Amino acid sequence: MIAVAVAQPATSPKAADAPTTPTTPTAPAAPKPAGTSLPVVGETLPLTGAPGWPVKRDWLYDAPALPDAAGKIVLHWFCGPKVPACADDLARVVTLKENTNRVYVVAYINGTKGQAKKLDPIRESEGVGRGTLAFGKHLKAMFKKMAVVGPVSVVVDVDGKVALVTTGSSPAELDARDAKVNALTSAIKEYTATSEGPKLVKINERFQLMIAVKLASWLQYSKTTPMEFKLTAPKELKCDATTLKGDQLKLVDQTLTAQVGCSGSKGSYEVRGQVSFGYTTPSSGAGLGTESANWKFEIK
């Protein structure tokens, strides 16, 4: 009898060939209710705080004022009287406030009125219109929910969005916060200007020169200060006007636009335009603005 040997596989079947057990996808963690944790970068934070923050608070001064804070970097600063680092950071916060009028501080002190006064960055009359301070029993639950001890800082840009959150007290972390605040304040502008014009034009062909000024969102154009545009151009150019006033300028929302049409003979030209205007602030202040544009082009 001849025996027949049956070859056996050298390795066991692949794991992929074995039946698998279906898995249930893990559900994403539910977001925490507003006000129970610190805000994050990019989140919108109103001047009065997140919706979950206590409505009733004791203020050492007036409640946060939108007219005073408009156009400023808002620093929400959390601290407690029994935290040594808070006393050290207090000097930094005062310096940030005093070095520029572009910082508005809202301080939250987890303690009594007397304890709050010792950690007050507003400094009574020195800080009128520069911020305020909350204290008292109504803050205790908020500090506990958000696991805040201090010093904690939430930096909010002029657009109302959180730009930085710091929860540590090391010199490096506080230096980074101070640098961020200083950078943001340096970038604040009441208005920005843009201009448009041609580089090359055909002889006697009509072209447009335009300058537009966009006012910051917290400001309004003054209704009592005259708006005016003046154009300085060579006599070889023929323009619709060299002066525009009042309704001759276009005003839409926050943007003021001056535009004139010109044409001319062959040559290289340089033209200058200047627009002047006034604006008002939310705190009833006033300012004057002037922007200019230079256009260089060739007609041939």
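**Group meeting: an aromatic cluster, a sheet and two disulfides**

W53, F78, Y108 and F143 make up one aromatic cluster. That is where I will start. A word of caution before the details: what you have on the screen is a predicted model.

Across the whole structure there are nine aromatic pairs. I will go through two of them, both involving W53. The first is W53 with F78, an edge-to-face pair with 5.7 Å centre to centre and 85 degrees between the planes. W53 sits in the segment before β1, which covers 58-59, while F78 belongs to strand β2, residues 73-79, so this pair ties together parts of the chain 25 residues apart in sequence. Both W53 and F78 are buried.

The second pair is W53 with Y108. Here the ring centres are 5.5 Å apart and the planes stand at 85 degrees, so this pair is edge-to-face. It links distant parts of the chain, with W53 in the segment before β1 and Y108 in strand β3, 55 residues apart. How buried are these two residues? W53 has a relative accessible area of 3%, and Y108 has 0%, so Y108 counts as buried.

Next, the sheet. It is an open sheet of six strands, and the order is β1-β4-β3-β2-β5-β6, with mixed pairing. Which strands stand at the edges? They are β1 and β6, the latter at 162-166; each has a single partner strand, so one side of each has no neighbour in the sheet. As a general reminder, strands of a sheet pair through backbone hydrogen bonds, either parallel or antiparallel. For β1 the partner is strand β4, residues 131-135; the two run antiparallel and are joined by two bridges. If you want a residue to find on that pairing, take W59, which stands opposite A134 in β4.

Two helices to mention against these strands. Helix α2 lies across β2 and β3, and its direction is at about 165 degrees to β2. Helix α5, residues 171-186, packs on the sheet and touches β2, β3, β5 (152-156) and β6; relative to β6, its direction makes about 165 degrees.

Staying with α2 for a moment, look at what follows it. T100 is placed in the loop between α2, at 84-99, and β3, at 103-109. A polar atom of the T100 side chain lies 3.0 Å from the backbone nitrogen of R102. Setting aside neighbours within four places in sequence, T100 is in contact with R130 and T185.

Now the cysteines. Searching the whole structure gives two disulfides. Counting the bonded cysteines in sequence order, the pairing is 1-2, 3-4.

The first one I will describe joins C79 and C86, with the sulfur atoms 2.2 Å apart. The torsion is -95 degrees about the S-S bond, and the link is left-handed. Buried or exposed, then, for C79 and C86? C79 counts as buried, at 0% relative accessibility. C86 is buried as well, with a relative accessible area of 0%.

The other disulfide is C239 with C262, with sulfur atoms 2.0 Å apart. Its torsion about the S-S bond is about 110 degrees, so this disulfide is right-handed. C239 lies in strand β12, residues 237-239, and C262 in strand β15, residues 255-264, so the bond ties together parts that are 23 residues apart in sequence. Accessibility splits this pair: C239 is partly exposed at 24%, whereas C262 is buried at 1%.

Last item, R206, which brings us back to that second disulfide. R206 lies in the loop between β8, at 200-201, and β9, at 207-215. Its C-alpha atom is 9.1 Å from that of C239, with their positions 33 residues apart along the chain. What does R206 touch, not counting residues up to four places away in sequence? The list is D240, G261, C262 and S263. So one of the residues touched by R206 is C262, the disulfide partner of C239. With D240 there is also a polar contact between side chains, at 2.5 Å.

To recap: one aromatic cluster of W53, F78, Y108 and F143, an open sheet of six strands, and two disulfides.

Definitions and conventions:
Residues are numbered from 1 along each chain as its sequence is written. This is a predicted model: local features need pLDDT of at least 70, side-chain atom pairs count only at pLDDT 80 or more; totals for chains, interfaces and linings use all residues. Side-chain values use heavy atoms; hydrogens and water are left out. Helices (H or I, at least four residues) and strands (E, at least two) are DSSP runs, numbered from the N terminus. A polar contact is a pair of N or O atoms within 3.5 Å; within protein, one must be able to donate a hydrogen and the other to accept it, and residues adjacent in sequence count only if both atoms are side-chain atoms. Contact means heavy atoms within 4.5 Å. Rings of Phe, Tyr and Trp (its six-membered ring) pair if their centres lie within 6.5 Å; planes under 30 degrees apart count as stacked, over 60 as edge-to-face and the rest as tilted. Buried means under 20% relative accessible area, exposed over 50%, partly exposed in between (1.4 Å probe, protein chains only). Two strands pair if DSSP finds at least two bridges between them. Axes are lines fitted to C-alpha atoms, for helices over the stretch in contact, and angles run from 0 to 180 degrees between N-to-C directions. A disulfide is a pair of cysteine sulfur atoms within 2.5 Å.
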